[in-house]
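Good morning, and thank you for coming. Please have a look at the structure on the screen, and we shall then go through it together.

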Amino acid sequence: MIDWDEIRKNRHVTEPSPPTWPIGVKAISLSGVTLLGVHESTGELYWDGQAVVTERRLANYERRLALAVTIATVVMAVIEVGRAAHWITP
């Protein structure tokens with residue numbers, strides 16, 4: 001039988017992380033890998049019963065900025081097409 005409390009106590013290795021890793025990130029021990037799980041029907045990844053979030057959404061200001069840039073690009077394209085049509089037509 002699996003002793004989940006013991007696995008949770010030893011989920012990380014005792015050696016220090018590489019200096020190139022962000023502060024606070026630790027390697028998972030071999031026994032700690034037992035805490036990883038996959039939902040049978042959806043294939044979603046879980047760590048110790050909690051879903052691992054792998055997507056990031058844009059913040060509201062980033063979405064507004066992207067919309068403004070898109071609108072400006074379309075407007076400039078329409079203006080340039082209009083200029084080219086006027087220049088070509090006698």
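Glu80 has a relative accessibility of 41%, so it counts as partly exposed. In this predicted model, Glu80 takes part in a salt bridge with Arg83, where the closest N and O atoms are 3.3 Å apart. Arg83 itself is exposed, its relative accessible area being 54%. Both residues belong to helix 2, which covers residues 60-88, and because they are 3 residues apart there, about one helical turn separates them.

How many salt bridges does the structure hold? The number is 3. Let us turn to Arg8, which forms a salt bridge with Asp5 at 3.9 Å between the closest N and O atoms. Arg8 and Asp5 are both found in helix 1, 3 residues apart, or about one turn of the helix. Asp5 is exposed, with 52% relative accessibility, and Arg8 is partly exposed at 35%.

Arg8 also forms a salt bridge with Asp48, and here the closest N and O atoms are 2.9 Å apart. Since Arg8 lies in helix 1 and Asp48 in the loop between strand 2 and strand 3, this pair ties together parts that are 40 residues apart in sequence. Asp48 is partly exposed, with a relative accessible area of 26%. Asp5, Arg8 and Asp48 are thus linked in a network of salt bridges.

We now come to the strands. In general, the strands of a sheet pair through backbone hydrogen bonds, in either a parallel or an antiparallel manner. In this model, 3 strands form an open sheet in the order 1-2-3, with antiparallel pairing. Strand 1 and strand 3, the latter at residues 50-51, stand at the edges with a single partner strand each, so one side of each has no neighbour in the sheet. Strand 1 pairs with strand 2, residues 45-47, over 3 bridges. Within strand 2, Trp47 is the residue that stands opposite Leu36.

Finally, consider Ser29, in the loop between helix 1 and strand 1. Is Ser29 buried or exposed? Its relative accessible area is 10%, and because buried means under 20%, Ser29 is buried. What does its side chain reach at 2.5 Å? The partner is the backbone oxygen of Asn10. In addition, a polar atom of the Ser29 side chain lies 3.0 Å from the backbone nitrogen of Gly32. Leaving aside residues up to four places away in sequence, Ser29 touches Asn10, Arg11, His12 and Val13.

Note on methods: Residues are numbered from 1 along each chain as its sequence is written. This is a predicted model: local features need pLDDT of at least 70, side-chain atom pairs count only at pLDDT 80 or more; totals for chains, interfaces and linings use all residues. Side-chain values use heavy atoms; hydrogens and water are left out. Helices (H or I, at least four residues) and strands (E, at least two) are DSSP runs, numbered from the N terminus. Buried means under 20% relative accessible area, exposed over 50%, partly exposed in between (1.4 Å probe, protein chains only). A polar contact is a pair of N or O atoms within 3.5 Å; within protein, one must be able to donate a hydrogen and the other to accept it, and residues adjacent in sequence count only if both atoms are side-chain atoms. Contact means heavy atoms within 4.5 Å. Two strands pair if DSSP finds at least two bridges between them. A salt bridge is a side-chain nitrogen of Lys or Arg within 4 Å of a carboxyl oxygen of Asp or Glu.
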